[in-house]
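Subject: Structure handover and notes

Hello,

Here is the structure we spoke about, with the sequence alongside. My notes follow below it.

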Amino acid sequence: MQQLVRRGFLLGRTPSSGTERLNQGDLDRWNQGLPVFLPAQCLASLAKHRTNTEQTESLVTALIEDRDCDSVLAQAPYLNRLEPKFQSLGSIFNEGDQQEIEMVMFDAMDGDKIIAEDLWLKASWLSFHDDDVSLRFRFSFGVDLEEDVAADPHRQQLAAELTDAVFPESSIITKNSDLIDKLKNLLASEGVRFVERIIYFNGPNGGAYLHHDLERGHAGVVFAQLTGHTFWLALPKQNLIEEIIRFSKSTPWPNSLTLEMRKEMSDLVGDRCYLAEQLGSFANTSLIHLINETEEFVQFLIARGYSTTLKPGDVLLLPQTTEETCCWHSVFCLGDEMGQALSFAIRADQ
Ligand SMILES: [Fe+2]
């Protein structure tokens with residue numbers, strides 16, 4: 001049993017034994033919006049990529065030590081892998097985004113001809129907490145959070161290739177034929193593509209609050225743990241809503257909720273539609289505090305069987321198909337090691 005600590009909040013311990021509900025088939029779980037746990041799915045290829053993951057750790061160390069990403073990528077071994085296809089245009093620093101570390105812009109070239117513009121790698125901190133150095137590298141194109149990425153599969157594919165050039169360990173997922181077969185089966189698809197890629201480093205005291213990754217054109221997310229350990233709570237949105245209501249009927253509101261917050265939560269659990277809307281807004285601080293920052297609710301979800309522990313080589317699939325069934329998830333770092341993981345959106349290739 002390990003301590004769960006995130007952004008300064010003590011959230012109890014991991015369960016003594018697995019509480020995952022493993023009595024259903026993977027296809028049933030996927031279709032219901034439940035996470036699909038694939039233990040040791042990529043274990044065999046981790047050793048082959050050790051040099052790459054160690055190189056990536058050096059890049060992360062450079063960023064934590066305040067060196068800029070663009071100048072690291074202008075040196076070996078990155079330059080040879082990026083050029084001539086991907087030409088760096090330098091970095092942009094968005095003053096309005098406090099979590100952003102740096103955004104490196106690229107053109108994709110075919111000889112002297114530009115075949116795609118505005119591809120980017122964006123490095124960001126995962127939280128504002130002083131003792132949390134968790135960060136991620138996200139690859140996409142165009143205006144972040146405004147672009148309809150599904151509408152431009154050409155640039156989406158090039159952004160994916162840009163990830164391969166910077167992080168060759170991406171092939172732990174993209175060349176894993178057994179994993180691809182499983183995904184084709186879950187999606188009833190002839191093929192799959194891995195797009196909107198993110199390389200995660202979850203460090204001690206870090207992780208992610210409950211959220212979804214629903215995006216048009218994507219079926220879900222594949223998350224592969226390469227180094228370190230993470231602990232997950234993952235369940236479909238409709239189950240999360242039911243569990244918040246169930247919690248309110250079985251447990252007093254945690255002491256950390258003020259009287260005003262308790263009143264607000266009582267109003268929310270009395271109206272499913274309002275609760276669903278406030279959950280989706282990511283703006284209700286009482287709700288965010290209850291579900292992410294109280295030991296009582298975290299331990300309630302664990303006891304209800306929604307937790308999974310990932311060790312190096314394990315894979316977790318998170319279906320993201322509809323608003324109601326998309327799998328919401330919350331991540332915690334376990335132990336003292338800042339671990340690397342790959343998180344790629346899955347696109348059915350019909
Ligand atoms: Fe996510």
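I start with a helix pair: in α10 the residues M261, E264, M265 and L268 meet S286, L287, H289 and L290 of α12. By class, this contact of α10 with α12 is made of five nonpolar, two polar and one charged residues. Please keep in mind that the model is predicted.

As for geometry, the axes of α10 (residues 259-269) and α12 (residues 285-293) come within 9 Å and cross at roughly 90 degrees. That crossing is why α10 counts as roughly perpendicular to α12.

Next, the sheets.

An open sheet of nine strands has the order β3-β13-β10-β15-β8-β7-β6-β5-β4, with antiparallel pairing. Its edges are β3 (36-38) and β4; each has a single partner strand, so one side of each is left without a neighbour in the sheet. On average, neighbouring strands of this sheet are turned by 25 degrees against each other, direction ignored.

Helix α6 (residues 153-166) packs on this sheet and touches β4, β5, β6, β7 (135-141) and β8 (191-202). The direction of α6 makes about 60 degrees with that of β6.

Some strand pairs of the nine-stranded sheet in detail:

- β4 (residues 86-92) and β5 (residues 100-110) run antiparallel and are joined by six bridges. Here S88 stands opposite F106 of β5.
- β5 and β6 (residues 113-125) also run antiparallel, joined by nine bridges. The bridge partner of M103 in β6 is K122. The hairpin of β5 and β6 has two residues between the strands, and G111 takes a positive phi near 65 degrees in that hairpin.
- β10 (residues 220-225) pairs with β13 (residues 315-319) in the antiparallel sense over five bridges. V221 stands opposite L318 in β13.

Another open sheet has four strands in the order β9-β14-β11-β12, and the pairing is antiparallel here too. At its edges stand β9 (207-211) and β12 (307-310), each with a single partner strand, so one side of each lacks a neighbour in the sheet. Direction ignored, neighbouring strands of this sheet are turned by 20 degrees against each other on average.

Within the four-stranded sheet, β9 and β14 (residues 327-334) pair antiparallel over three bridges. A208 has V331 as its bridge partner in β14. Helix α9 (residues 237-250) lies across β11 (229-236) and β14, and runs at about 90 degrees to β11.

Last, the core. In soluble globular proteins, nonpolar side chains tend to be buried together. The largest nonpolar core in this model has 89 residues, of which L162, I173, V222, A224, V315 and I346 touch the most other members. β8 gives the most to this core, with seven residues.

Which residues does I173 touch, not counting those up to four places away in sequence? They are C42, L179, F194, V222, A224, L342 and F344. V222 and A224 thus appear in both places: I173 touches them, and they are listed with I173 among the residues that touch the most other members of the core.

Regards

Conventions: Residues numbered from 1 in each chain as written. Predicted model: local features only at pLDDT ≥ 70, side-chain atom pairs only at ≥ 80, totals over all residues. Pairing = 2+ DSSP bridges. Axes fitted to C-alpha atoms, helices over the stretch in contact; angles between N-to-C directions. Contact = placed C-beta atoms within 7 Å. Parallel < 35°, antiparallel > 145°, perpendicular 65-115°, else oblique. Nonpolar A, V, L, I, M, F, W, Y, C, P; charged D, E, K, R; others polar. Core = buried A, V, L, I, M, F, W, Y, C linked by C-beta atoms within 7 Å. Buried ≥ 20, exposed ≤ 12 C-beta atoms within 10 Å, placed from the backbone.
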